[in-house]
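Dear colleague,

I am handing over the structure below, together with an account of what was found in it. Please read the notes with the model open beside you.

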Amino acid sequence: MAYQPPSGPTHRHGDSWQASGQSRFGANGYAPAGVGEKLGDIFGGERKSSLPMYKDKPYAYPSGRRPPWFRRKRVLGLILASLAGLSWWFGILSPLSHITGGSDAAVVKKSKSSWFGSIGVVDWDERAERVKEAFRVSYNDYEKHAWGDDEYHPVAKDGKKMVPNGLGWIIVDALDTLMLMNLTTELEHSRKWIHDNLTYDQDHDVSTFETTIRMLGGLLSAHYLSSSFPGVYAPVTDELGDDMYVEKAADLADRLMGAFETQSGVPLASVNLRTMKGIPSHADAGASSTAEATSVQLEMKYLAKLTGETHYWDRAEHVMKVVDDNDMPDGLLPIFIYADQGAFRGNNIRLGSRGDSYYEYLIKQYLQTSQQEEVYETMWNESMVGVKKHLLTYSRPSNFTVLAERPNGLDKEISPKMDHLVCFMPGTIALATTDGLPVAQARKQSDWSAHKDEDMRLAEELMKTCWGMYTITPTGLAGEITYFNIHDPPLMYDDYTPDNRPQSPNSFERLPNLPGIDSRPVGTDDYVIKPSDAHNLQRPETVESLFYMWRITGDEKYRNWGWTMFEAFMKHTAVPDGSGYSSINNVNTVPPPLRDNMESFWLAETLKYFYLLFSSNDMLPLTDVVFNTEAHPFPRFQLGKLFKTGWERKARDAKGKLVPGKQPEVVPSVLDNMGPRKIETIHLTETKAIGTSTIAESVLSVSSTSPDVAATEAVAITSLAAT
């Protein structure tokens, strides 16, 4: 297939892959709703959508008795509509003001008294409901105008398919958010589309990485929530089957496996879904992105655990060995790797695009398997040493901590640039430091140390830097890339001790007025957003880290920052008719021009993390789950009898350098000697049939906290015994 210009949803790492197929331009014939129509809907007007009635938004049934004039819906509707129109005219109301509430007043309740009167306490449950409503508005608009399409344009009210029959890019990515928010009717509508329409037997190439983290991850997390929390998260009664998610996931994963058919085992950038053949990148001399090749492991390992098919595990894990065998200095990797050779291309080092999730998945692989694969914690710790030594510097004049880049190698000049993607790091550092425990509890553990205290301080400082990306702009939203003014020569993190490191401002209060200069945000002279980098794509990384920092530190400022950010999204990314949200072109312009695109990660990640940030900490405790890089939660589990780390690091000396001639033996997989025919005997049907056997129960007691995982492992062991 000839290469076509890139299009489609935003690629996590800044590029797009091939996309073609049918598009829908106003196929439903809906005109954008005006203010009058919105008010009519609010006050009981009939819904003009062709979608079925929602169980959680029932129609009002008429009574047999005619009410007095002042209680009639039409009269009240006209009166209220008139008042609303006047309020609109005088600027009191704005689109979707019922979501943001216009102020904090609607979500603050009086619950305590003192000598000084009542003390306001924020109603965080109400704020979570505001997020839920924003999600519902976004999803319902997509349902109405572009159902089944892979990208959506909320201003034009049309969508487009990435492949001829669509991949359910938005639908599948949003499944677990629908569940967590208990949007049952929307979930059943989505499940029906998946059951009736979703097929991966399509002659088209897709991004190996993006398809894994969004589609495979979305299906697996939907399975986890529905199977491990029956009756809790949006229970359905559609009788479409409990195994639908895993069956679709296994079919997709089998097709993605073709990307791993390379001489080194490192996956190619793309894969054709029908032929199952990997396709090299059309750019970068055919090299794969390092982050993309090393950020499919959580998904493949969980699927292997569910199905007993170890080849998913082995293929994904082998990539980690190839990468580590390159022995890159201080655990920092160039951002491109040749799939055929397993060798890196160039020496561009960064934790932004094409580098980010490699580091994220190191610590999360360690946590996913219940801290039983220590090699990944070791690799994470080495990379953190490298980050502190080579990439951490300070801004001028305010001394914000900057996680910079080395575009020409570790021995060359530093570039004071941070992609918004880098803002996953504060939360990830905190997660790695406490293993998901609240820090107050983690400090009581026997392994707590001054080094861990230092890492928590680093997480807090980087969180402050990322939050500053939002506070310095007129919209209160961050640009895609931020540069920093830094000291000359650069002040490097490792040149100081914890007691004398440069200090950033204690607060984000505005700078005082100076003669001839108005009050300005703190950091105005530190942060630089270039015009070409000023767009905002509704990215989740900062709110993701706010979520982790709140859960781990318990400091409510992180929740407050999140609410301020959410209000900025509601105010500046709402489309003109108030029916959805779009990415924007310029965070430094008010009002910002809209890009007319709703990213799938707006639903899958950004709004999910807002919802979790404002919800109870009992929802998905960090000690029980790991989130993939698309915010899809998976359970932590034990390795059990079937799985193990199938490789060992090459021998290294005290300085971390490889020792010549000392190579470890490769640890064989349990199923290495089984032919393809024997592996094929392990099916989901067997899982269901034997799931309550005594073997499954005995495995459950020692190998996993997830019943379906343990039962499947028992099936695999039984199959091995039978052969």
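Helices, with at least four residues, and strands, with at least two, are DSSP runs numbered from the N terminus, and that numbering is needed to place Glu239, which is found in the loop between H8 and H9. Please bear in mind throughout that this is a predicted model.

Backbone geometry

Glu239 has a phi near 55 degrees, a positive value in a residue other than glycine, and with a relative accessible area of 79% this residue is exposed. Asp330 likewise has a positive phi, near 55 degrees, although it is not a glycine; Asp330 sits in the loop between H12 and strand S10 (334-338) and is partly exposed, its relative accessible area being 29%. Most residues other than glycine have a negative phi, and most peptide bonds are trans. Against that background, two cis bonds deserve a look: the peptide bond from Arg396 to Pro397 is cis, with omega near 15 degrees, and the one from Val590 to Pro591 is cis, with omega near -5 degrees. Pro397 belongs to the loop between strand S12 (392-394) and S13, while Pro591 is part of the loop between H19 and H20.

Salt bridges

Side chains of opposite charge can pair when their charged atoms come close. The structure holds 33 salt bridges, including one between Asp577 and Lys157, where the closest N and O atoms are 3.3 Å apart. This pair links distant parts of the chain, with Asp577 in the loop between helix H19 (557-572) and helix H20 (600-614) and Lys157 in the loop between strand S4 (151-153) and strand S5 (158-160), 420 residues apart. Asp577, at 13% relative accessibility, counts as buried because the cut-off for that class is under 20%, and Lys157, at 4%, counts as buried by that cut-off.

Glu261 forms a salt bridge with Arg315, the closest N and O atoms being 2.8 Å apart. Here too the pair links distant parts of the chain, since Glu261 is in the loop between helix H9 (244-256) and strand S7 (270-272) and Arg315 is in helix H12 (residues 310-325), 54 residues apart. Glu261 counts as exposed at 55% relative accessibility, whereas Arg315 is partly exposed, with a relative accessible area of 29%.

A salt bridge of 2.7 Å, N to O, brings together the side chains of Glu405 and Lys417. Because Glu405 lies in the loop between strand S13 (401-403) and strand S14 (417-419) and Lys417 lies in strand S14, the pair ties together parts that are 12 residues apart in sequence. Both Glu405 and Lys417 are buried. Elsewhere, Asp201, Asp251, Arg255 and Arg274 are linked in a network of salt bridges.

The disulfide

The structure holds one disulfide, which joins Cys423 to Cys466 with an S to S distance of 2.1 Å. The link is left-handed, with -100 degrees about the S-S bond. It connects distant parts of the chain, Cys423 being in the loop between S14 and helix H15 (425-434) and Cys466 in helix H17 (residues 450-471), 43 residues apart. Both cysteines, Cys423 and Cys466, are buried.

A sheet of three strands

Strand S14, already met through Lys417, also takes part in an open sheet of three strands, which has the order S14-S15-S16 and antiparallel pairing. Its edge strands are S14 and strand S16 (527-528), each of which pairs on one side only. Strand S15 (residues 481-484) and S16 pair in the antiparallel sense over two bridges, and Phe484 stands opposite Tyr527 in S16.

Cavities

Two cavities of 30 Å³ or more are present in the structure, and the second largest has a volume of about 50 Å³. The lining of this second largest cavity is made up of Thr208, Phe209, Pro267, Leu268, Ala269, Ser288, Ser289, Glu292, Ala293 and Val296. Helix H8 (208-228), strand S9 (288-289) and helix H10 (290-293) are the elements that give two or more residues to that lining. By character, the lining residues of the second largest cavity divide into six nonpolar, three polar and one charged.

With best regards

How values were computed
Residues are numbered from 1 along each chain as its sequence is written. This is a predicted model: local features need pLDDT of at least 70, side-chain atom pairs count only at pLDDT 80 or more; totals for chains, interfaces and linings use all residues. Side-chain values use heavy atoms; hydrogens and water are left out. A salt bridge is a side-chain nitrogen of Lys or Arg within 4 Å of a carboxyl oxygen of Asp or Glu. Buried means under 20% relative accessible area, exposed over 50%, partly exposed in between (1.4 Å probe, protein chains only). On a 1 Å grid over the protein atoms alone, a cavity is a set of points where a 1.4 Å probe fits but cannot get out, and a pocket is an open set with protein on both sides within 12 Å along at least five of seven lines; lining residues have an atom within 4 Å of a point. Grid points are joined across faces, edges and corners, and a volume is the space filled by probe spheres set on the points. Ala, Val, Leu, Ile, Met, Phe, Trp, Tyr, Cys and Pro count as nonpolar, Asp, Glu, Lys and Arg as charged, and the others, Gly among them, as polar. A disulfide is a pair of cysteine sulfur atoms within 2.5 Å. Two strands pair if DSSP finds at least two bridges between them.
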